[in-house]
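Q: I'd like a close look at one part of this protein: what sits around a core residue, and how do the pieces around the rest of the chain fit together? Please walk me through it in one go.

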Amino acid sequence: MIVILCGSDRFTIDERLRRLQQEHDPTQINSSRIEQAADHIDDVVAAAGATGFFGTTRFVVAVDLLNAAQRQRRRGAAAADHDRAVALLRAIPDTTCLVVVERDLDRATERQLRSVVPGIEITRCNVPRGRELVRWTQDRAAHYTSEIGPEAATALLEACFPGTWRGSGSADDVPPDLFRLDAEIAKLATAAGVGGHITVEDTGELVPDADALHVWALTDAVARRDGQAAVRELEHALGTGTPPEAIIGQLVSQLEAMAALAAAPRSDLVTAADATGISEGRLRQSARYAAAFPRDHVAFGLTLLRDLDHRAKTGQAEAADGLVDVVLHIAAPTGL
């Protein structure tokens, strides 16, 4: 039996590996795992060809057996190693379950393997995004005998992966970390109890950065120059208990990030992160909005927010009341 698992979703790949091992070698006495397998093809051959104890199935995991050779070697050497790897797959005995784990598998190689290796199973496992990731989150909550609705699942994803969970075509995009997401879901499910319902409020209390959820929605509305939507999001944030001082702080942080992005070399998020103390992930989110904000608009918005903060702290104004006017000014469709 030969199974190839490829893609960015290491969480699903690891779960599939555990199930296969439990099926073929639950005691793990007939198992082998070979990293950088393209550099150790002879070891894979030896492991796959060995006889299991008492005639049981051998279970062998070979990591980076196929594409690693093509990426790292000269063209001629890579082709030779690739041919050896394909020959190995064709010669796997029926008494062995070989699982090949690849970061990626090009379509040409997949077609070749399906044509020359009878019975091969190839599964692509990529991190879901958008609605698929919301459903994944709901399924994991069910795995922990709890429920989470789409709104709370979205709140959790926004808190954990702002700007990336919906999807990105960027070449340097980092997909959501499903191991972290699974840990957060397990924590929320434990707090909710068996058969419990995970709410937006649970997410806000137990997940780091979840308190900034409505501020991200507010920032999105401001970036669209949609004043009415911005006020609705502001009222939603205030109505769900977000302190106005926290909203001011988050908006200041976002405008400061846009200012830093404007001053940094193009796409240099490291420089901007060093200048602001904001994570690269959040800066990447801000970068999507930065083009909509001229520097003078950002500067004036910062002045308004800092002035409101000062007046609120000195008792000259109510921060919640003043925020509406400030947000409308920042979201104005024309320059301030």
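A: **Around leucine 89**

Leucine 89 touches Ile2, Leu65, Leu66, Leu98, Val100, Leu113 and Val117, leaving aside residues up to four places away in sequence. Keep in mind that this is a predicted model.

Leu89 belongs to the largest nonpolar core, which has 25 residues. Within that core, Ile4, Leu65, Leu66, Leu89, Leu98 and Leu113 are the ones that touch the most other members. So which elements give two or more residues to this core? They are strand E1 (2-6), helix H2 (41-49), strand E3 (58-63), helix H4 (75-90) and strand E4 (96-102). Another core, of 24 residues, lies apart from this one, and Ala229, Ala237, Ile248 and Met258 are among its members.

Stepping back to the whole chain for a moment: the protein chain has 16 helices and seven strands. Of its 336 residues, 46% are buried. If you take the contacts with a separation of 6 or more, 71% of them are between residues 24 or more positions apart.

Now for the rings. The structure holds two aromatic pairs. In one of them, phenylalanine 11 and tryptophan 136 meet edge-to-face, at 5.5 Å centre to centre and with 75 degrees between the planes. This pair links distant parts of the chain, since phenylalanine 11 is in helix H1 (residues 10-24) and tryptophan 136 is in helix H6 (residues 130-143), 125 residues apart. Phenylalanine 11 is buried, with a relative accessible area of 7%, and tryptophan 136 is buried too, at 14%.

Phenylalanine 11 also pairs with phenylalanine 179, again edge-to-face, with 5.3 Å centre to centre and 70 degrees between the planes. Here too the pair links distant parts of the chain: phenylalanine 11 in helix H1 and phenylalanine 179 in helix H8 (residues 178-192) are 168 residues apart. Phenylalanine 179 is partly exposed, with a relative accessible area of 39%. Put together, Phe11, Trp136 and Phe179 form one aromatic cluster.

There's a ring with a charge on it as well. The charged end of arginine 180 sits over the ring of phenylalanine 161, 5.6 Å from its centre.

Helix H6, home of tryptophan 136, has a packing partner in helix H7 (residues 150-160). Their axes are 9 Å apart and the angle is about 105 degrees, so H6 and H7 are roughly perpendicular to each other. On the H6 side, Leu133, Val134, Thr137 and Gln138 do the meeting, and on the H7 side it's Pro150, Ala153, Thr154, Leu156 and Leu157.

Compare that with another pair of helices. How do helix H15 (residues 295-313) and helix H16 (residues 319-330) cross? Their axes come within 10 Å and cross at roughly 175 degrees, so H15 and H16 are roughly antiparallel to each other. His297, Gly301, Leu304, Leu305, Leu308 and Ala312 are the H15 residues in that meeting, and Ala319, Gly322, Leu323, Val326, His329 and Ile330 are their counterparts in H16.

Terms used. Residues are numbered from 1 along each chain as its sequence is written. This is a predicted model: local features need pLDDT of at least 70, side-chain atom pairs count only at pLDDT 80 or more; totals for chains, interfaces and linings use all residues. Side-chain values use heavy atoms; hydrogens and water are left out. Rings of Phe, Tyr and Trp (its six-membered ring) pair if their centres lie within 6.5 Å; planes under 30 degrees apart count as stacked, over 60 as edge-to-face and the rest as tilted. Helices (H or I, at least four residues) and strands (E, at least two) are DSSP runs, numbered from the N terminus. Buried means under 20% relative accessible area, exposed over 50%, partly exposed in between (1.4 Å probe, protein chains only). A charge sits over a ring if NZ of Lys or CZ of Arg is within 6 Å of the ring centre and within 35 degrees of the ring normal. A nonpolar core is a set of buried Ala, Val, Leu, Ile, Met, Phe, Trp, Tyr and Cys residues joined through side-chain atoms within 4.5 Å. Contact means heavy atoms within 4.5 Å. Axes are lines fitted to C-alpha atoms, for helices over the stretch in contact, and angles run from 0 to 180 degrees between N-to-C directions. Angles under 35 degrees count as roughly parallel, over 145 as roughly antiparallel, 65 to 115 as roughly perpendicular and the rest as oblique.
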